[in-house]
Amino acid sequence: MFSRATRLAAALICAAALVVSAAAGTAAAKDPRAKASVVGGTPASLTEWGFAAAILTPHTLCTGSVLSPTKVLTAAHCVSSPSTMTVRTNSTLAFAGGEVHTVRAAAINPGWTRGFVGDLAVLTLGNPTSA
């Protein structure tokens, strides 16, 4: 058995390490790393990426691919109640421009088991997109 002094010293070392790592994490979170993580990128063009869609729910932002004027493929984990979802097409921005569509229905892959395998869903838009 370790002595009380040894256990206290180990606890103090662990607490100090926790405080230092938490402070480092907070500093890193304030650093705008998203811009630095794209190397050699160029702005997206609607002529090249017109099939892309932004899937918005009250709590998430996901992407999707326009399959037809009323169908969008996305990930099943992005689907919430269709009445709370919107889909933005014909825009290079998730929150502005383009066309905004309601979601009439969502069909989730019946084989999806909340993992990465089979994480697919097809959304039916309330009105057709021109994308």
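Student: Is Thr 129 buried or exposed?
Tutor: This is a predicted model, where local features need pLDDT of at least 70, side-chain atom pairs count only at pLDDT 80 or more, and totals for chains, interfaces and linings use all residues. Residues are numbered from 1 along each chain as its sequence is written, and side-chain values use heavy atoms, with hydrogens and water left out. Buried means under 20% relative accessible area, exposed over 50%, partly exposed in between (1.4 Å probe, protein chains only). Thr 129 has a relative accessible area of 6%, so Thr 129 is buried.

Student: Which residues does Thr 129 touch, leaving out those up to four places away in sequence?
Tutor: Contact here means heavy atoms within 4.5 Å. On that count, Thr 129 touches Val 66, Ser 68, Pro 69, Thr 89, Asn 90, Glu 99 and His 101.

Student: Two of those names come up in the strands too. Which residue in β5 stands opposite Thr 89?
Tutor: Strands are DSSP runs (E, at least two residues), numbered from the N terminus. Strand β5 covers residues 99-108 and runs antiparallel to β4, with 4 bridges joining them. Opposite Thr 89 stands Glu 99.

Student: And on the β1 side, what is the bridge partner of Ala 54 in β4?
Tutor: Strands pair if DSSP finds at least two bridges between them. Here 3 bridges join β1 (residues 52-56) to β4 (residues 86-89), running antiparallel. The partner of Ala 54 is Arg 88.

Student: In what order do the strands of the closed barrel run?
Tutor: The barrel has 6 strands, with antiparallel pairing. Their order is β1-β2-β3-β6-β5-β4.
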